Structure formats: structure tokens, C-alpha cells
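Open the model in a viewer and keep the selection panel at hand. The stops below go from the sheet to the cores, then to the ligand and a few single residues.

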Amino acid sequence: MPETSESSETSEPGDPSVILSNTVGSFPWSVLAERHPALIRKVRDAFPYGPEQRRALDALLTSGSEGVIEPLGAEAEDREQWETWGREYFGRSWFDVPFLWSESYFYRQLLEAVGYFDPGPWKGIDPFRPFKLAELDTPEADEELAALDELVLRPAEDQEEALLNGSLWGNRADLGFSLAGGVGEQADFQLVANDSELLRSMFAGGTLCLVADNAGRELIPDLLLIDHLLRHGRVERAVLQVKPYPYYVSDATTADVIDALRRLTTAKGAAGQSGHRLWSALTDGRLTLRAHPFSCAPLPYTDMPDDLRQEFAAADVTVMKGDLNYRRLIGDRLRPATTPFVIPTAYFPGPVAALRTLKSDVIVGLDARTEAALVAAEEQRWRTSGTHALIQVRT
Ligand SMILES: O=P(O)(O)OC[C@@]1(O)O[C@H](CO)[C@@H](O)[C@@H]1O
């Protein structure tokens, strides 16, 4: 089993333990101790930030590895919000508080360091944008879009299956996905749970809420799937939830949706047509964007505010994309992998599906044989390697 720690302050009686980051060598520890410093250096190199921002980035580097969690600056508009979300963690080591919380707060602090929210020249400059844009501009992205020309010649059902797979595998760590490959041969091989038939039976003309994950080469297939579902009357309306500000490096914001749409509308053939249809769907309201502040909250969806709860309740099906949304949907806690998916999602106010490649320790809904086979083949590496995926549904 992956290494975890238990904290009497974070685990309710009878509940599985909340994942912390204080076990050296564990996955969460590696994210804080290795990934975050590497990301700070990457961002530092990607922009000609002045001395003030560089100093702040260096301070975050030091704080993250050997310091304690500090509150946001007095002028930060969301200072109070973050206090509500976890003032008890201020003054503690980043490694000793829930992994979900410290990871989220790291991104908020990184934006603080580069002046993303401050009045001034760097306001609103997404520190991750160069990496997101680069993904849209690759020969692989061109090939994937060109492959749509053949896909649209196939029966609508096959297209839907391929696009669902494209959306799922777009979430892979390497962001590779293939719309062309026979309907997901490789994907099926690596799926550890597959409720795709059930999910597709829920596309029955109502409202789809798709909670987006990454921009770039994950968002493109998400948009293509939405276009297909709208075009074929599989859903009447779609709501695409994105992040209100840059988060977890590549999470999609409204600006990223626009970049992805531009990439589509300027493509030739079927991809271009799809882009134009999506553009119209946004303008006539069949597709709407939402960027709720809770989308960047360091908390599980069990704690969502009422207005967001109502939004999910109004959807006929909500599709949660990606690993982080999965952690937030079921709670960032270690449960037995065979726990039925319906148990940790019972609170969710409507039918919900998870489309996720496995990139962190949490998982539920496996059958015992699948888990045993995975462990026999890979010990626990399958949980975090990004080479396995799942589609799980709670009706
Ligand atoms: O939500 P995504 O994009 O699928 O994955 C995000 C993610 O891999 O990033 C973290 C590491 O930084 C993991 O803990 C996490 O779940």
C-alpha cells in the first residue's frame, strides 16, 4: 500500500485517513519535495520577472521545503476565503497538513509570488500559459485533429465511443491521446474500471455538466466530445466548468478554452467545423462556461457551497475529468480500493461520472480480482503511473 500518515486533527472517527505528505518517499511527499521546486524553477525561467517576483518565488521555494504555511497578504481579496478553507493550517509545515490542501495552496501562493492578482503589469499573466500553448502547437496535435476527418465518416456511435476515449486518455500525464486508433484498443487494455456503456446511456437529451481538468491536449478532446453530443442530440445543453485562475499547472481557465477554440476554428476539415459549431453553441447558450471559486478550493466536493450543489443537481449527468477532480469527488483519503464507487459519491447531488487516468494514490470501485492482478504485476505503481485509467459512474 502507498505510504500515508494519519492525523487525529484531519480524520473523523470511523473515516479512512486523510492523505498527508509527511512520509518521505511517498507520492504526496514527492509532489511537495520534488515537483513543486522544479515547477518554481520552470516558471522562473519562462518569464523575465523582475527582482521582486524572483525574490518571492525563491521565498516560496524555501518556505515549501523548510518553512511553514503563511497566510496570504493583507491585500489579497480571497484572504478571508482561504482562512475559512483552512486557517488551522497556517504556521504548520506544508508536509503536515492534508495533501490536497497544501497542493492547492501552493498554486495560490505561486500566483501571489508572480503578482497575478496585484494591480500592475503582471496582473492576469498566467505563469503556465507558455506550457499550455506549446501543447497546442505540436505535430501530434495536428495529427490528432487531422484524424477527425476519418472519424466523422464512421457511424455516430463509433464516433462517440472514440471521442469518449479521446477525452479519457487526454488526461494522461503525457497528454497523448488518439482519436484515430481503433476504438481504444490500447485504452481498453489498461482500463481498470469501465462504466462507459452506462455513461453513454445517460446521454439522453438533457444537460451535461463537464468539469474540465487540463487545458491544451486534454481540453481539445473534451470540446470535441461536447460538440459531438450537442450535434447528435445526445445532450441538449452542456455546461463546461473551468478554473477561475491558473491552477495545478495546466488546469483549464476561460482563456485556455478560447485558445483551444481558436486552435480548432483555424484547423482544416472536420476539426475546423467542430470549432465553429462550438463557437456558435457558446454564443447561443447551448454551451455555457462556468468558473466557480470553489473550483480552486483545497477541499473535497462534499464541502461544496449550495449554489454549486444546485448547479450539479440541475445537470442530468456531471462528468468529472481528471485525477484532481477524482480526489475531490471521493475525498483525498485512503479507502480500500474495492470500496464501491457509490459509497464516497453518495452525497453528490446528481448522477456523476469520473473519467480519469490514475495519477495519485486514491482509488475506489475496483473488483478484487482487478486489484489483485494490478498488485501482482506492479505492486502499487499502477496507482500513480498515469498508465491506467477508469470510467466510473454513479447513477
Ligand atoms: O488532475 P490531473 O491533471 O489529472 O492530475 C493532477 C495531479 O496529477 O497532479 C498532482 C501532482 O501534482 C496529483 O496529485 C494530481 O492528482
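Start with the strands: select E1 to E7 and look at the open sheet of seven strands, which has mixed pairing and the order E1-E7-E6-E5-E2-E3-E4. Two strands pair if DSSP finds at least two bridges between them. Helices (H or I, at least four residues) and strands (E, at least two) are DSSP runs numbered from the N terminus. This is a predicted model, in which local features need pLDDT of at least 70 and side-chain atom pairs count only at pLDDT 80 or more, while totals for chains, interfaces and linings use all residues. Residues are numbered from 1 along each chain as its sequence is written.

Which strands stand at the edges? They are E1 (191-194) and E4 (287-290); each has a single partner strand, so one side of each is left without a neighbour in the sheet. Neighbouring strands of this sheet are turned by 15 degrees against each other on average, direction ignored. Axes here are lines fitted to C-alpha atoms, for helices over the stretch in contact, and angles run from 0 to 180 degrees between N-to-C directions.

Next, select E2 (residues 207-211) and E5 (residues 317-321), which pair in the parallel sense over four bridges. Leu210 has Val319 in E5 as its bridge partner. Then add E3: E2 and E3 also pair in the parallel sense, over five bridges. Here Val211 stands opposite Gln241 in E3. Four of the five residues of E3 are buried, so this strand is largely enclosed by the rest of the structure. A residue is buried if 20 or more other C-beta atoms lie within 10 Å of its own, exposed if 12 or fewer, and partly exposed in between, with C-beta atoms placed from the backbone.

Now show helix H10 (residues 219-231), which lies across E2, E3 (237-241), E4 and E5 and runs at about 165 degrees to E3. Keep H10 on screen and select the largest nonpolar core, which has 69 residues. A nonpolar core is a set of buried Ala, Val, Leu, Ile, Met, Phe, Trp, Tyr and Cys residues joined through C-beta atoms within 7 Å. The members that touch the most other members are Leu208, Leu210, Ile226, Ala238, Leu240 and Ala353. H10 supplies the largest share of this core, eight residues. Centre on Ile226, which touches Leu210, Ala238, Leu240, Leu278 and Leu287, not counting residues up to four places away in sequence. Contact between two residues means C-beta atoms, placed from the backbone, within 7 Å. A second, separate core has 27 residues, including Val18, Leu20, Leu39 and Tyr89.

For another buried position, go to helix H4 (residues 99-113) and select Leu110. Leu110 is buried, with 23 other C-beta atoms within 10 Å. Not counting residues up to four places away in sequence, Leu110 touches Ile40, Val43, Leu60 and Pro127.

Move to the ligand. Which residues are around it? Select Val31, Arg35, Asn171, Asp213, Asn214, Tyr248, Gly322, Asp323, Leu324, Arg327, Lys359 and Ser360. A residue counts as near the ligand if its C-beta atom, placed from the backbone, lies within 6 Å of it. Helix H1 (27-46) and helix H14 (322-330) are the elements that give two or more residues to this shell. H14 gives the most, with four residues. The shell divides into three nonpolar, four polar and five charged residues. In this division Ala, Val, Leu, Ile, Met, Phe, Trp, Tyr, Cys and Pro count as nonpolar, Asp, Glu, Lys and Arg as charged, and the others, Gly among them, as polar.

Stay on Tyr248, in the loop between E3 and H11. Tyr248 is partly exposed, with 18 other C-beta atoms within 10 Å. Its phi is positive, about 45 degrees, although Tyr248 is not a glycine. Most residues other than glycine have a negative phi. Glu379 also has a positive phi, near 50 degrees. Find Glu379 in the loop between helix H15 (368-378) and strand E7 (389-394). Glu379 is exposed, with 11 other C-beta atoms within 10 Å.

Finish at Arg335, in the loop between H14 and strand E6 (352-357). Arg335 touches Pro16, Pro344 and Val364, not counting residues up to four places away in sequence. Arg335 is partly exposed, with 17 other C-beta atoms within 10 Å.
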